[in-house]
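Me: I would like to go through this model and ask, for each label attached to it, what the label rests on. Please set each value against its definition before you conclude.

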Amino acid sequence: MKVDVLLGLQWGDEGKGKVVDVLTPNYDLVTRFQGGPNAGHTLEFGGEKYILRSIPSGIFQGGKMNIIGNGVVLDPLLFKQEAEGLVASGHDITKQLYISKKAHLILPTHRMLDAAYEAAKGDGKIGTTGKGIGPTYTDKVSRNGVRVGDILNQFEEKYAKAKARHEAILHSLNYSYDIAELEKEWFEAVEYLKRFQLIDSEHVINNLLKEGKSVLAEGAQGTMLDIDFGSYPFVTSSNTICAGACTGLGVAPGKIGNVYGIFKAYCTRVGSGPFPTELFDETGKLLSTLGHEFGSVTGRARRCGWLDLVALKYAVMINGVTQLIMMKSDVLDSFNTIKVCTAYKIDGEIVEEFPYEINDKIEPVYVEFPGWKTDMTKMTSEDEFPEEYNAYISFIEEETGVPVKIVSVGADREQTIVRYEE
């Protein structure tokens, strides 16, 4: 068997959690391979709404195995809050959830460092969520990190060493802070973490593949936030692309199977950074209102714009996407005209390939489509799709060279339509 990968193709918030939840019945194991509690995956079913930050989105489906992989950075306190919330809502996750010993821990001082670094940037702020993600990955790469497995052996000594190092940096930045209460709660959460099965996840995953078990790898954020290939420096601190599944789980490239690429029927972005198709007019405000575009973890308003095919085709190429999944089609139900960016104009030159740098000099080149002016939220089959909507999908398929297998016409798991069977 191989690992199928599901990831976002835009700037995050594409709706990955919902699709993982829908696809999970087809898999024996669901695993997160990168990112941290800055990535909120929202799921709605049975009249309830759930937001997952570190726990894989397969946790709700039929007792399936879920693993937090080694590429994830984990905050014990936020994890405890998330897990206790699920237990309180009737979901016993202790037998389903496993955590890699090699996942790195977000310490209380990582949060302080995140805030201090962001403050020092002034007008050049990245727009970080302040969860300590960047400093934790920095410690990982500089070989100063503390890992989940360390809580089982001489943990206080390892923690104290990392804390002292962080405090020296904070002092040099003249950043004042008080973590006494946070630290107390954090250590209580570390004890809570020990209730779960801490494993050598790379061995477990590869052994399951040998046994013929099916695995779905769930990405966080989106391709355009990848540390190498995103809109640097306005990116996250990990590899959000398909290759990140190999390093974030410990599986060989030859073990990758289908790559499901998720995108919205339009574009959104949270925080700072370039966004070529961003709309500053009433249309942008309407997209935000109809799409309820606010971050599931941060609550920050998302910037909105038309679909960017230059960026989407780039993401398809980088990830080797085999099947596309389009989300939030219903948000466009009421528009008379829908635009799609097919190229950029840079210094008077038409550019169709995603450039080294995207900035304010880029002018999007659009093609227009007639809107379908139809309420799609009650549709259950592609036979009901209006002609204009089919034309929109067909254009995307022709441009990307990849079929759109699944479309979403609402927030609930039931409002998901599979266009064709394999």
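Me: Where is Pro233 placed, and what makes the peptide bond that joins Tyr232 and Pro233 a special case?
Reply: Pro233 sits in the loop between strand S10 (215-218) and helix H8 (243-249), where helices (H or I, at least four residues) and strands (E, at least two) are DSSP runs numbered from the N terminus. The bond between Tyr232 and Pro233 is a cis peptide bond, with omega about 5°. This is a predicted model, in which local features need pLDDT of at least 70 and side-chain atom pairs count only at pLDDT 80 or more, while totals for chains, interfaces and linings use all residues. Residues are numbered from 1 along each chain as its sequence is written, and side-chain values use heavy atoms, with hydrogens and water left out.

Me: What makes the protein as compact as a globular protein of its length?
Reply: The protein has 11 helices and 20 strands. Its radius of gyration, 21 Å, is close to the 22 Å that the globule rule gives for 422 residues, so the protein is as compact as a globular protein of that length; the radius is taken over C-alpha atoms, and the rule is 2.2 Å times the number of residues to the power 0.38. Along the principal axes, the C-alpha trace spans about 65 × 50 × 40 Å.

Me: What share of the contacts in the protein joins residues at least 24 apart?
Reply: With contact meaning heavy atoms within 4.5 Å, 77% of the contacts between residues at least 6 apart in sequence join residues at least 24 apart.

Me: Why is helix H1 called largely enclosed?
Reply: A residue is buried under 20% relative accessible area, exposed over 50% and partly exposed in between, with a 1.4 Å probe and protein chains only. In helix H1 (residues 16-23), 7 of the 8 residues are buried, so the helix is largely enclosed by the rest of the structure; the buried residues are Lys16, Gly17, Lys18, Val19, Val20, Asp21 and Leu23. Over the whole protein, 56% of the 422 residues count as buried.

Me: Why is the pair of Tyr159 and Phe187 called edge-to-face?
Reply: Rings of Phe, Tyr and Trp (its six-membered ring) pair if their centres lie within 6.5 Å, and planes under 30 degrees apart count as stacked, over 60 as edge-to-face and the rest as tilted. Tyr159 and Phe187 are 4.8 Å apart centre to centre with 75° between the planes, and the pair is therefore edge-to-face. Tyr159 lies in helix H5 (residues 155-172) and Phe187 in helix H6 (residues 180-193), so the pair ties together parts that are 28 residues apart in sequence. Tyr159 counts as buried at 4% relative accessibility, whereas Phe187, at 29%, counts as partly exposed.

Me: How do you know what kind of pair Trp186 and Phe187 form?
Reply: Their ring centres are 5.4 Å apart and their planes lie at 85°, so this pair is edge-to-face; Trp186 counts as buried at 1% relative accessibility. The structure holds 17 aromatic pairs, and ring pairs also link Phe369, Trp372, Phe385, Tyr389, Tyr392 and Phe395 into a cluster.

Me: Are His292 and Asp347 buried or exposed, and what is the sign of phi in each?
Reply: His292, in the loop between helix H9 (282-290) and strand S13 (303-305), counts as exposed at 63% relative accessibility, and its phi is positive, about 50°, although it is not a glycine. Asp347, in the loop between strand S16 (337-346) and strand S17 (349-351), is exposed with a relative accessible area of 67%, and its phi is near 55°, a positive value in a residue other than glycine.
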